[in-house]
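I opened the notebook with a short list of things to look up. The entries follow in the order I took them.

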Amino acid sequence: MAALTASDVDAALAGKARGAAALHCATLQAEVGSFVLFSSAFCLGVVPNTAAYAAANCYLSGLALLRSAASLPALAVEWGAWESVGMAADAGPAFAEYWRGMGMALICVDKGMRTLGRLLGSAEVALCAVLPCDWAAYGRSVGGAASAAAARPLSAHRRVSAKPPRAAAGWGG
């Protein structure tokens with residue numbers, strides 16, 4: 001974290017966070033059936049030295065919760081690594097080995113798409129992590145105080161009914 005620069009954070013936020021904010025603002029007055037954000041489990045802090053990328057993905061999770069609180073459609077999925085597509089596939093076998101070494105399985109495309117279909121069919125879920133993981137193995141891989149927290153499975157956040165605070169009304173631009 002000490003080596004993190006403003007330009008690192010800016011580069012990480014550029015695509016995901018700014019793009020999501022632009023879509024959010026553009027759809028505020030439109031009838032939208034779904035608003036789906038593909039986030040990353042990196043925002044859960046599962047991989048060290050990824051603070052800027054994690055921040056960009058946490059922004060997506062927060063945006064989904066904000067939209068949900070305003071009774072707008074929203075689903076943010078904090079995906080683990082996929083086995084044959086995306087960043088993990090681009091990183092090659094060394095990343096897959098690293099990921100597995102932390103107790104995490106790669107998501108096969110068919111299973112990931114079926115999971116997405118189930119999530120889209122549930123109006124109750126606004127934020128969900130999809131991260132196949134052996135939590136005990138993950139806890140052992142990170143060691144220390146993180147072990148106990150890491151050994152607990154994550155649960156989906158449910159839609160919230162409270163209205164967002166007034167200060168959030170113009171947020172996102």
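**Entry: Asn 57.** I began with one side chain. Asn 57 is buried, with a relative accessible area of 0%. I placed Asn 57 in helix α2. This is a predicted model, and I read every entry here with that in mind. Next I looked up what Asn 57 touches. Leaving out residues up to four places away in sequence, I noted Lys 16, Phe 38, Ser 39, Ser 40 and Cys 43.

**Entry: Ser 61.** I stayed in helix α2, where Ser 61 also has its place. Is Ser 61 buried or exposed? Ser 61 counts as buried because its relative accessibility is 6%, and the cut-off for buried is under 20%. I then listed the contacts of Ser 61, setting aside neighbours within four places in sequence. They are Ser 39, Cys 43, Ala 76, Glu 78 and Leu 127. Ser 39 and Cys 43 had already come up as contacts of Asn 57.

**Entry: Ser 71.** I moved on to the loop between α2 (51-69) and β2 (75-79), where Ser 71 is found. I checked the backbone there. Phi of Ser 71 is near 60°, a positive value in a residue other than glycine. Ser 71 is exposed, at a relative accessible area of 61%.

**Entry: the chain as a whole.** I stepped back to the fold. I counted seven helices and four strands in the protein chain. Along the sequence the pattern reads α-β-α-β-α-α-α-β-α-α-β. The protein chain has 173 residues, and 38% of them count as buried. I looked up the accessible surface too. It comes to about 9,500 Å² for the protein chain, with 60% belonging to carbon and sulfur atoms. For contacts between residues at least 6 apart in sequence, I found that 74% join residues at least 24 apart.

**Entry: the core.** Nonpolar side chains tend to be buried together in soluble globular proteins, so I looked for the largest nonpolar core. I found 13 residues in it. Ala 81, Phe 95, Trp 99, Met 104 and Leu 131 have the most contacts inside this core. Which elements give two or more residues to this core? They are α4 (93-101) and α6 (135-142). α4 gives the most, with three residues.

I followed two of the core residues further. Phe 95 is in contact with Phe 42, Ala 81 and Ala 88, leaving aside neighbours within four places in sequence. Met 104 sits in the loop between α4 and α5 (109-120). I have Met 104 down as buried, at 2% relative accessibility. I also noted its C-alpha distance to Pro 132. Met 104 and Pro 132 are 28 residues apart in sequence and 5.8 Å apart in space.

**Entry: the pocket.** My last look-up was the largest pocket. About 440 Å³ of space lies in it. I counted 20 residues in its lining. Which of them lie nearest its centre? I wrote down Ser 40, Phe 42, Tyr 53, Met 87 and Ala 88. Phe 42 and Ala 88 are also contacts of Phe 95, and Ser 40 is one of the contacts of Asn 57.

I then sorted the lining by element and class. β1 (36-40), α3 (86-91) and α4 each supply at least two residues. The largest share, four residues, comes from α3. The lining has 14 nonpolar, five polar and one charged residues.

Definitions and conventions:
Residues are numbered from 1 along each chain as its sequence is written. This is a predicted model: local features need pLDDT of at least 70, side-chain atom pairs count only at pLDDT 80 or more; totals for chains, interfaces and linings use all residues. Side-chain values use heavy atoms; hydrogens and water are left out. Buried means under 20% relative accessible area, exposed over 50%, partly exposed in between (1.4 Å probe, protein chains only). Contact means heavy atoms within 4.5 Å. Accessible areas come from the Shrake-Rupley method with a 1.4 Å probe; for residues, only the protein chains shown count as cover. A nonpolar core is a set of buried Ala, Val, Leu, Ile, Met, Phe, Trp, Tyr and Cys residues joined through side-chain atoms within 4.5 Å. On a 1 Å grid over the protein atoms alone, a cavity is a set of points where a 1.4 Å probe fits but cannot get out, and a pocket is an open set with protein on both sides within 12 Å along at least five of seven lines; lining residues have an atom within 4 Å of a point. Grid points are joined across faces, edges and corners, and a volume is the space filled by probe spheres set on the points. Ala, Val, Leu, Ile, Met, Phe, Trp, Tyr, Cys and Pro count as nonpolar, Asp, Glu, Lys and Arg as charged, and the others, Gly among them, as polar.
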